[in-house]
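Student: I have a model on the screen and would like to learn how to read it. Please take me through it one feature at a time.

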Amino acid sequence: MTPSGRDPSPRHRWPRWATALALGAPLVLAGCNAYPTYGANRGATKQGQDTFKLYSGMMTTGIIIGGLVGLLILWTLFRYRKRSDEMPRQFHENIPIEVLYTAIPILIVAVLFVFTVLTENNVDATVPSTVTAATGKPVVNVKVTAFQWGWRFDYPGHDVAIAGETTNGPGGHGPQMVVPVGETVQVTLVSNDVIHGFYVHDFNFSRYALPGVTNVFDLNVVRAGTYDGQCTQICGLYHSEMLFSVKAVNPPAFATWLAKEAGTGNAALGAGNSASNTPPAATHPTPAQSTPFAPKGTT
Ligand SMILES: [Cu+2]
């Protein structure tokens, strides 16, 4: 054995279990679909699940790389710690290592970039609204109009509209948009006045509602349930109360609901809702509409 007791070959320095972990962990994670959440929502829509997988994958990659870098730093600290007053070998550069530590980060960023673009394309993809006849897969169209301070959900061709302001509506959570599970819901998002944001936490999804701009996106809800949504752009006095919810039900229940609403001409959401087939009277609350929004404790 040499005086230092070290084997100069680096091949034996990398424990086999570490190699197996570094190479095997991503494969295992990808294979058994066990994406760790890291506190994020798994997504109640196909699009939201795609976003979640990207987030989870990015976090896992970051943790593995961060851990690897930490281990390498520790290893370097111990491996090359000062052992004597003898001057260590002096040299200027190590071209292979420099090429390696430039190429590897570029490769990592490139891979993450590709996954990001693919996910964005999946989330932004919209099926043509004529797809119904072609594939037999229904597309439910909902026109969502944001206004100060509420939401209006129109179901074109069905004579159904739901409009509500701030915290009225089911559970004090604004107007409710009803959609079927397992079908493509195509949302056409517009704003009547200022910039608003259509955001549903459980969908991992947010999109601007811009005056003069029409944003179209698809939602494929995969789990029945009621999901809270809210405006995410500060849009005036009652922005914080500009709530809504999305109720996802099975297709037969949705068809029944749609027929019932079309039959009555009103969206029966319970007392306190300004729900009708006529557009909101004004972009801004009328004096009568404003009453419930009077600042608390001033009456
Ligand atoms: Cu808003």
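Student: Which strands form the open sheet, and in what order?

Tutor: Start with the general idea. Strands of a sheet pair through backbone hydrogen bonds, either parallel or antiparallel. In this predicted model, the open sheet has 5 strands in the order β3-β2-β1-β5-β8, and the pairing is mixed. At the edges stand β3 (160-165) and β8 (215-220); each has a single partner strand, so one side of each is left without a neighbour in the sheet. From one strand to the next, the twist averages 20°.

Student: How many bridges hold β1 and β2 together, and in what sense do they pair?

Tutor: Strand β1 (residues 139-147) pairs with strand β2 (residues 150-155) in the antiparallel sense, over 5 bridges. The two are joined by a hairpin through 2 residues. You can check the register on screen with two pairs: Phe147 is opposite Gly150 in β2, and Thr145 has Arg152 of β2 as its bridge partner.

Student: What lies on the other side, between β2 and β3?

Tutor: Those two strands run antiparallel as well, joined by 6 bridges. Trp151 has Gly164 in β3 as its bridge partner. The hairpin of β2 and β3 has 4 residues between the strands, and in it Gly157 takes a positive phi near 85°.

Student: Is β2 mostly covered or hardly covered?

Tutor: β2 is mostly covered, with 5 of its 6 residues buried. When you look along such an element, keep the general pattern in mind: in a regular strand the side chains alternate between the two faces of the sheet.

Student: Which strands does β6 pair with?

Tutor: β6 pairs with strand β7 (residues 205-209) in the antiparallel sense over 5 bridges, and 3 bridges join β6 to strand β9 (residues 225-231), again antiparallel. On the β7 side, Gly197 stands opposite Tyr208. On the β9 side, Phe198 has Cys231 as its bridge partner. The hairpin of β6 and β7 has 4 residues between the strands, where Asn204 takes a positive phi near 50°. Strand β6 (residues 196-200) is mostly covered, since 4 of its 5 residues are buried.

Student: How do I check the length of a helix such as α3?

Tutor: The general rule is that an α-helix has 3.6 residues a turn, so residues three or four places apart point the same way. For length, use the rise of 1.5 Å a residue: the 30 residues of helix α3 (residues 95-124) should span 44 Å, and the end C-alpha atoms are 43 Å apart, which agrees.

Student: Is α3 mostly covered or hardly covered?

Tutor: Hardly covered: 1 of the 30 residues of α3 is buried.

Student: How many helices and strands does the chain have, and what percentage of its residues count as buried?

Tutor: The chain has 6 helices and 10 strands. Of its 299 residues, 25% count as buried. Among contacts between residues at least 6 apart in sequence, 67% join residues at least 24 apart.

Student: Where is the pLDDT below 50?

Tutor: Take the whole chain before its parts: the mean pLDDT is 81, and 73% of the residues reach 70 or more. Over residues 1-11 the pLDDT is below 50, and this stretch has 1 contact in the model beyond near neighbours in sequence. Residues 266-299 also stay under 50, and the model has 50 contacts beyond four places in sequence for them.

Notes: Residues are numbered from 1 along each chain as its sequence is written. This is a predicted model: local features need pLDDT of at least 70, side-chain atom pairs count only at pLDDT 80 or more; totals for chains, interfaces and linings use all residues. A residue is buried if 20 or more other C-beta atoms lie within 10 Å of its own, exposed if 12 or fewer, and partly exposed in between; C-beta atoms are placed from the backbone. Two strands pair if DSSP finds at least two bridges between them. Axes are lines fitted to C-alpha atoms, for helices over the stretch in contact, and angles run from 0 to 180 degrees between N-to-C directions. Two residues are in contact if their C-beta atoms, placed from the backbone, lie within 7 Å. The expected span of a helix is 1.5 Å times one less than its number of residues. pLDDT is the predictor's confidence in each residue, from 0 to 100.
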